[in-house]
Amino acid sequence: MKEIVNILLLGSGGRECAMAWKLSQSPRLGTLFVAPGNAAPYGTRVSLDPMDFEAVREFVDNNDIDMILVGPENPLVEGIADFFADSPVKVIGPVKEGARLEGSKEYAKEFMVRNAIPTARFMSVTEETLEQGNHFLESLRPPYVLKADGLAAGKGVIILDSLADAKDTLSDMLEGMFGGASATVVIEEFLSGIECSVFVVTDGEDYKLLPVAKDYKRVGEGDTGPNTGGMGAVSPVPFANEEFMNKVASRIVEPTLKGLRAEGIKYKGFIFLGLMNVEGEPMVIEYNVRMGDPETEVVMPRLKSDLIDLLEGVADETLGIKQVVEDERAAVTVMLTSAGYPGSYEKGKVMTLPADQGVLRFHAGTQTGEGGEVLTSGGRVMALTAYGSTIAEAASKALAEAGRVDFEGKYFRSDISKDLV
């Protein structure tokens, strides 16, 4: 085991910023490179496309990199872990076959059925089976859930109240609403309950659970309007008590890992379980094969363990002897977004960042201007995370900071966590 570790973190959002912040706290961190990164003060930015595997390899070879931590899903789905299989560098993330759990909603649902993992009834539809899809919609009660099979930047899920609208949208999706990602559409029975996000880190054999979180996907107050990549997050989740989490472990986490092993998939990295609490019973809405965003922005602050130590446990298959220690405080994240998000929005707005008041600022869509100023460069601009002895106290601090950080067109939801308090 190398005492000092040089790390290349791939990605440019709030999730990667929170990971970089956490890695920076480790006494074992040597040099941290973030590619392509943003205007955050953690690590050294590298102008590198995470999808250009050859360029990533050249950088790794030239900079004595020991570990690649893959933030976003696209490089994993395209096989970056397989690309480095013969290299001494440690890649944190599953091989391409394992990444299909996120890369294909159809594959994920069929995997759940094969492994008796609780999930909603579903049907996969293509243009050729549109008529059968419409019949399946008719068999369901509203609202109707339509999911693009492939990756759609977190926006490929549409929930509709009207059967006629659901049929029209199904047709639009199959005709290319999300490009090739919706050439197949998964229709799901709507599950009524409260969502939460469970994060598993595994070395393929053993696993550890990270702090549980809940995110807020709809753009509008009171969970209204279109889905976004996430408008805020809370941890811990009051209903995710010991009884509930024991069910999650025995009915979902362990069968998932057993199923992967049975199919010969060596899975080393994170598994995100998007769950619905249906009258006390956990059911899987979706798998992701990386940490969530903005949940990472509350999970990392509540993780007291050394992240490098945990990641080495993943890479070296020694996770079983590692410890996950959680901060007893609550954490709440409020996301600042650009006007118009998740639709079209303007970039390049100058941000005003007042003096530090103890609230963590995780850059999401930012860049550094020619004069050193911080500019907006994305729909989700900055995640503001505060600690508190209660969820309400943490939310109050995060919202106060949301009022202080400023840029033209700033928007945020003021009701993050209200449903849990």
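## A buried loop serine, helix pairs and two cores

Ser26 sits in the loop that links α1 (14–24) to β2 (29–36). Welcome to a quick tour of this structure, which is a predicted model. We start at that loop, move on to two helix pairs, and finish with the nonpolar cores and helix α5.

**The loop at Ser26**

- Is Ser26 buried or exposed? With a relative accessible area of 8%, Ser26 falls under the 20% cut-off, so this loop residue counts as buried.
- Setting aside neighbours within four places in sequence, Ser26 is in contact with Asp306 and Ile308.

**Helices α1 and α11**

- Helix α11 covers residues 307–316 and packs on α1 at an angle of about 105°, the two axes being 8 Å apart.
- Angles of 65 to 115 degrees count as roughly perpendicular, and α1 and α11 are therefore described that way.
- On the α1 side, Met19, Lys22 and Leu23 make the contact, while α11 supplies Leu307, Ile308 and Leu311.
- By class, that contact holds 5 nonpolar residues, no polar ones and 1 charged.
- Ile308 appears both in this contact and in the surroundings of Ser26.

**Helices α7 and α8**

- Helix α7 (residues 130–139) packs with helix α8 (residues 163–177) at about 150°, and their axes lie 10 Å apart.
- Because angles over 145 degrees count as roughly antiparallel, α7 and α8 are placed in that group.
- The two helices cross in a right-handed sense.
- From α7, the residues Leu130, Gly133, Asn134, Leu137 and Glu138 meet Leu163, Ala166, Lys167, Leu170, Ser171 and Leu174 of α8.
- Sorted by class, the α7 and α8 contact has 6 nonpolar, 3 polar and 2 charged residues.

**The nonpolar cores**

- As background, nonpolar side chains in soluble globular proteins tend to be buried together.
- The largest nonpolar core here has 49 residues, of which Leu8, Ile68, Val198, Leu273 and Tyr287 touch the most other members.
- Which helix gives the most to this core? That is α9 (residues 242–262), with 7 residues.
- Leaving out residues up to four places away in sequence, Ile68 touches Leu8, Leu10, Val56, Val60, Phe84, Val89, Lys90, Val91 and Ile92.
- A second core, separate from this one, has 42 residues, including Met67, Phe199, Ala213 and Ala364.

**Helix α5**

- Within α5 (residues 96–103), the buried residues are Gly98, Ala99, Leu101, Glu102 and Gly103.
- These buried residues pack against α3 (73–77), α6 (105–114), α9 and β17 (281–288).
- Helix α9 thus turns up twice, as a packing partner of α5 and as a contributor to the largest nonpolar core.

Notes
Residues numbered from 1 in each chain as written. Predicted model: local features only at pLDDT ≥ 70, side-chain atom pairs only at ≥ 80, totals over all residues. Heavy atoms only, no water. Axes fitted to C-alpha atoms, helices over the stretch in contact; angles between N-to-C directions. Helix = DSSP H or I, 4+ residues; strand = E, 2+ residues; numbered from the N terminus. Parallel < 35°, antiparallel > 145°, perpendicular 65-115°, else oblique. Left-handed = near helix turned anticlockwise from the far one by under 90°. Contact = heavy atoms within 4.5 Å. Nonpolar A, V, L, I, M, F, W, Y, C, P; charged D, E, K, R; others polar. Core = buried A, V, L, I, M, F, W, Y, C linked by side-chain atoms within 4.5 Å. Buried < 20%, exposed > 50% of the residue type's maximum accessible area, 1.4 Å probe, protein only.
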